[in-house]
Amino acid sequence: MRHSSRWFLATTVAALLAGTVASSQSTSSITFQSPAQGWNVFASPNPLPFGSTAAIHFNTDRLTQCRGNINGTTPGWTITGYYQFNGGPVQSFWVAGFSSTPNPPAPSIPLNTRGDLAVWFENTSRWGCQAWDSNFGSNYHFTVQ
């Protein structure tokens, strides 16, 4: 069976476009390892690709100060993540513990702005406790390209 050169060109362009769309929607990740793993923090890939979504893998052993359960089973604490692009508005996302939203989504950050991405975390409890994982107040910085 013979195909015209137009058919070949059309299928080649379609394949290239599909590959471009798939790569622009790929998932990246930012990992915050436990103290037992050396407190390591890294992005994959690095730099993070603009247009993807970064899954946040945060080991809750990094913030253990504000813990306790209500009635023995319901967490009385929450870990919230914060992020900011290029010094702009601060956004937040649930990481672990109590959530007022049933079945909250897995922690992630849409990489919809190029430049500097700052990330930090806060652990709070219903008893007024507050603790931070913020690289000693400097926050964690990643490049989005």
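A nonpolar core is a set of buried Ala, Val, Leu, Ile, Met, Phe, Trp, Tyr and Cys residues joined through side-chain atoms within 4.5 Å. The views below start from such a core, in a predicted model.

**View 1. The largest nonpolar core has 25 residues.** Ile 30, Phe 32, Ile 109, Leu 117, Phe 121 and Phe 142 have the most contacts inside this core. Six strands each supply at least two of its residues: strand 1 (27-32), strand 3 (53-58), strand 6 (77-85), strand 7 (90-97), strand 9 (115-125) and strand 11 (140-144). Strand 6 gives the most, with four residues.

**View 2. Phe 121 and its contacts in the core.** Neighbours up to four places away in sequence are not counted here. Phe 121 touches three other phenylalanines, Phe 32, Phe 58 and Phe 93. Ile 56, Leu 63, Ile 79 and Val 95 are also in touch with Phe 121. So are Thr 80 and Gly 81. Ala 131, Trp 132 and Asp 133 complete the list.

**View 3. The whole chain, for orientation.** The chain holds one helix and 11 strands. The helix comes ahead of the strands in the pattern α-β-β-β-β-β-β-β-β-β-β-β. The chain has 145 residues, and 33% of them count as buried. Among contacts between residues at least 6 apart in sequence, 62% join residues at least 24 apart. The accessible surface comes to about 8800 Å². Carbon and sulfur atoms account for 54% of that surface.

**View 4. An open sheet of four strands, in the order 2-1-3-8.** The pairing is mixed. Strand 2 (41-44) and strand 8 (108-110) are the edge strands, each pairing on one side only. On average, neighbouring strands of this sheet are turned by 20 degrees against each other, direction ignored. Strand 3 and strand 8 are antiparallel and pair over three bridges. Thr 53 has Pro 110 of strand 8 as its bridge partner.

**View 5. The hairpin of strand 6 and strand 7.** The two strands pair in the antiparallel sense over seven bridges. Gly 81 stands opposite Phe 93 in strand 7. Four residues lie between the strands. Asn 86, in the turn, has a positive phi of about 50 degrees.

**View 6. Tyr 140, in strand 11.** Tyr 140 counts as buried because its relative accessibility is 11%, under the 20% cut-off. Its side chain makes a polar contact with the side chain of Arg 62, at 3.0 Å. Beyond its neighbours within four places in sequence, Tyr 140 is in contact with Phe 32, Val 41 and Arg 62. Leu 117, Ala 118 and Val 119 are in contact with Tyr 140 too, as are Asp 133, Ser 134 and Asn 135. Tyr 83 is 57 residues away from Tyr 140 in sequence. In space, the two are 9.3 Å apart, C-alpha to C-alpha.

**View 7. Two buried serines in loops, Ser 34 and Ser 134.** Ser 34 lies in the loop between strand 1 and strand 2. Its relative accessibility is 5%. Neighbours up to four places away aside, Ser 34 touches Trp 39, Asn 59, Asp 61 and Arg 62. Ser 134 lies in the loop between strand 10 (130-133) and strand 11. Its relative accessibility is 12%. With neighbours within four places left aside, Ser 134 is in contact with Trp 120, Asn 139 and Tyr 140.

**View 8. Cis peptide bonds at Pro 45 and Pro 47.** Most peptide bonds are trans. The bond from Ser 44 to Pro 45 is cis, with omega near -5 degrees. Asn 46 and Pro 47 are also joined by a cis bond, with omega about 5 degrees. Pro 45 is in the loop between strand 2 and strand 3, and Pro 47 is found in that loop as well. Pro 45 is partly exposed, at 41% relative accessible area. Thr 27 lies 18 residues from Pro 45 in sequence and 9.5 Å from it in space, C-alpha to C-alpha.

**View 9. Positive phi at Asn 103 and Phe 136.** Most residues other than glycine have a negative phi. Asn 103 has a positive phi of about 50 degrees. This residue lies in the loop between strand 7 and strand 8 and is exposed, at 74% relative accessibility. For Phe 136, the positive phi is about 60 degrees. Phe 136 is found in the loop between strand 10 and strand 11. Its relative accessible area is 88%, so Phe 136 counts as exposed.

Note on methods: Residues numbered from 1 in each chain as written. Predicted model: local features only at pLDDT ≥ 70, side-chain atom pairs only at ≥ 80, totals over all residues. Heavy atoms only, no water. Buried < 20%, exposed > 50% of the residue type's maximum accessible area, 1.4 Å probe, protein only. Contact = heavy atoms within 4.5 Å. Areas by Shrake-Rupley, 256 points an atom, 1.4 Å probe, with all protein chains shown as cover. Polar contact = N/O pair within 3.5 Å; in protein donor to acceptor, adjacent residues only side chain to side chain. Pairing = 2+ DSSP bridges. Axes fitted to C-alpha atoms, helices over the stretch in contact; angles between N-to-C directions.
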